[in-house]
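Here's a short problem set to work through with the model open in your viewer. Try each task before you read the solution.

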Amino acid sequence: MIGTATVYGLCASGLVAIGLYGLVLHPTPLRKVIAFNLLGSGTFVLFGVAARRGGAAGFLADPVPQAMVITGIVVAFASTALAVALLLRLQETGASSIETTPPEQQDNGAS
Amino acid sequence: MMPAGYATSEGGALLVIAVMLPIVGMIAIFALGLRRAERIAFIILPGGLFIALAIAAEVARTGAAVTYVLGGWQPPLGIALQADGLSATLMVLTALILCAVGLFARGTFSTPPDMSEARRPMVFWTLMLGLWSALNTVFLGQDLFNLFVALELLTFSAVPLVCLDGRRETVQAALRYLLFALIGSVFYLLGAALLYGAYGTLDMAGLRLQAHYNPATSVALGLMIVGLMAKAALFPLHLWLPPAHAGAPAAASAVLSALVVKAPFFLILRLWFDVAPQPGNQLAAQMLAWLGIFSIVFCSIIALRQVRLKLMIAYSTVAQIGYLFLVFPLVMASDAPSAWQSIGWTGGVLQLVSHALAKASMFLAAGLIAEALGHDRIDNLNGAVTAVPISVAAFGLAGLSLMGLPPSGGFVAKLMLLTAATETANWWIVAAILVGGILAASYVFRVLGRAMAAPKIGFKTLAHIPLYRELVVLGLAISAVVLGFVPLQPFAFLGIGRVGLP
Amino acid sequence: MTLLPDLALVLLILTAAVWTVAVRDRRDAVIGFIVVGLLLSLAWVRLNAVDVALTEAAIGGGATGLLLLRACARLVPRPAESVLPHPAMWILTGLLCSVIAAGLAAIVVMPVEPPATLAPEAAANMGELGLGNPVTVVLLAYRALDTLLEKVVLVLALIGVWTLTPEQFWGGAPASLRAQQSSGALRLLAQVLPPVGVVIGVYLVWNGADHPGGTFQGGTVLAAMWLLVMMADLREPPEIRLHTLRLLVILGPVVFLVAGFAGFWIANGFLSYPPAFAKPIIVIVEAALALSIAVILGMLVAGPAARAPR
């Protein structure tokens, strides 16, 4: 018999495959970062499946994997932020490889 | 089955300090920054070295692992830190190399007098300290999720170091490094999720008691090891390493090559021998060794063809990491009563330690050569020996370890691996070690030959290098040489606190 | 069939995920990703993990979505981004991904009996601490080391982003977050919403001790309000050299560390709490963490400094 947890387990497997596919094949870094986030989400849902199945002792779901997922989501956000900063900087430095290229100032409004 | 209980041992609090002290320093620099970055770092560095030595002394004194149970919550619900002989050794190694690199970097990353805070010193010193805390956590952690956090800590400290100078190539290298590291982390985490679903614990001791062969365990361990391989830059997942390690400033390259790539290998070692059901999978062990062989041969040849010195050293790192992966089939085929009593395991650990010292010395030497000559093109190194003689000597001494010539730690390590391979009739491994040695000799002597050649007419040194910086580099190289005088047998200290194999 | 809603939700999630990867325009991909994030928070509710659902909605969909949208706006437009480099390559990758997915699926459909869980252990020890939300207890007591180290990861990520500051701008302020066309509605929203948002954020942190909610969720809501104010151009992002900013960033980790080390004297070791004071200590630590998270998240979205310090 298939239970709720199993349905989401299959969802997790699907997300992992889709995310990994995009991560390997997309040529541009931004798309890779988005795919990485899908892959990460799939991994987290896998923890969620373990949590839901482990509901016991008055808890609807095992709190330990839930806490791990919360930690994981924050770490994934930090990774995304660093990756985005890197790829924006890559664009700013342009094709030139001179060390002191002044990057274009993105905003020319407020002083 | 109840997992083995952990109990906080006498010196346990030292482990907490080993992890937290660098973080305190990092936070202090971040908050007080201003002109004090270097000064704060120089309080933390000797402190951390002292703590690492104290932990090693405690392990040696009691002959047992030092343990700390955080908050008193017993694993698997809580988290424990534990230093056995191997972790204590690696912590001392880490502390020594970081202190040497700190001394080397002194002055090059200090704040200019006309600024309240500069970018490079602030970033360099905070990340170095973050990295130290991450490495100590990797060596001490007993919980696979705690180790995931430690690996992330390591990634976030290491990646920005690569693009410290902000050049386009280094930013590109950092981005590629980050993406590989993230894929590695996700694979590791996938495995952890499967293990939790199967056993309800991520505590290593608990898993060791419960784990048995089933699809979940095999897939989980496979995913985790592949993820860690990407982080350790094992062939064919090594493509990110050379540009990243070559692009970083010399002081950072030394730490990245000597220590950072060793952390994921250490975790593979632990997963294989401390978590996976025993005996391990023959086929998987052979595959790891084959990838190691490819790393050694393939990347040594590429190193030989490099134009830039730092890139050559970086490719040599991938090759030398390959040797580490030879240990799996060697240990499994050995008839020693436990893994750590086998000559292959000891050779692997010694290779890790001596490569760390030699490679740190080599990258720093390359940094000084580049500072003195203004470039690091191998074909134009003529005269380096007159500009920075001590650094060139250090480069040569460190080279002994890579080639596996006596007297050097690398020689003893490779001899042990060779002995183990002959005893277990792994002839391909024997061949790889021999070929790897010849190739390493070719690329080291190619550099030395150029560096010793007479300077061209009009040669002049661009920068004067203070003597103490050259002596630091030489000190590291000499440590790698001194390791060559250890006896050719398993060391009792490395076995303290380790679980025997059946 | 009680499974029908779950099956429908999973189908939606997977469709949105495929669209996110396959769509040509990168802005559409980001929007697809945000949709996946929102759908996933529903999935987390169905998995009985309300705390995770709140975090996923706040960070997974919200903050990450904003970060990616901002990146899209700043990246030079490119024609189309082709997904298919070489047939051999995508067939091989597709095969590899399918094999991994099949392996995971095969494991997932064979659950172990009895289910592996730490819930009984978690429940048995909760009485000591006097908190009602088990997830908060895991995060701040049983696995406090992970949570503490993860805060350090956030600080390091911020340093990493700041590393990318061009030399001459070090210490200055990040680029303005102002929306392209400043709309009156956004301004109005930014004036009306923050007071409400701050109350919700504080409530989530305070309430998180006993009910779903907690540091991250509260902190993210606070960060969202701050970002809204910056986007509506009511406030500029602060200069990264500001002492107050630095102190706010480290406030949470420092309070956590102090509470941890205090355990050596007032309880039995690092990160252990004396039972009588466990709840107040944890609530104080959570409050400090939430504030730091709000500031760090906001500054991570704002990015490296793009103007010289004044």
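**Exercise 1.** Is C11(A) buried or exposed?

*Solution.* Keep in mind that this is a predicted model. Start with the cut-off: a residue is buried when its relative accessible area is under 20%. C11(A) comes in at 1% relative accessibility, so it counts as buried. Run the same check on C163(B): its relative accessible area is 1%, so C163(B) is buried too.

**Exercise 2.** Work out how many disulfides a search of the whole structure finds, and why C11(A) isn't bonded to the closest cysteine.

*Solution.* Take the cut-off: two cysteine sulfur atoms have to lie within 2.5 Å. Next, find the partner candidate: the closest cysteine sulfur to that of C11(A) sits in C97(C), 16 Å away, which is too far for a bond. Over all chains, the search turns up zero disulfides.

**Exercise 3.** Decide how the radius of gyration of chain B compares with the globule rule.

*Solution.* First, take stock of the secondary structure: chain B has 21 helices and two strands. Its radius of gyration is 22 Å, and the rule gives 23 Å for 502 residues; the two are close, so chain B is as compact as a globular protein of that length. For the dimensions, the C-alpha trace of chain B spans about 75 × 55 × 40 Å along its principal axes. Then look inside: 68% of the residues in chain B are buried. Finish with the contacts: of those in chain B with a separation of 6 or more, 81% join residues 24 or more positions apart.

Definitions and conventions:
Residues are numbered from 1 along each chain as its sequence is written. Chains are lettered from A and ligands numbered from 1 in the order in which they are written. This is a predicted model: local features need pLDDT of at least 70, side-chain atom pairs count only at pLDDT 80 or more; totals for chains, interfaces and linings use all residues. Side-chain values use heavy atoms; hydrogens and water are left out. Helices (H or I, at least four residues) and strands (E, at least two) are DSSP runs, numbered from the N terminus. The radius of gyration is taken over C-alpha atoms; the globule rule is 2.2 Å times the number of residues to the power 0.38. Buried means under 20% relative accessible area, exposed over 50%, partly exposed in between (1.4 Å probe, protein chains only). Contact means heavy atoms within 4.5 Å.
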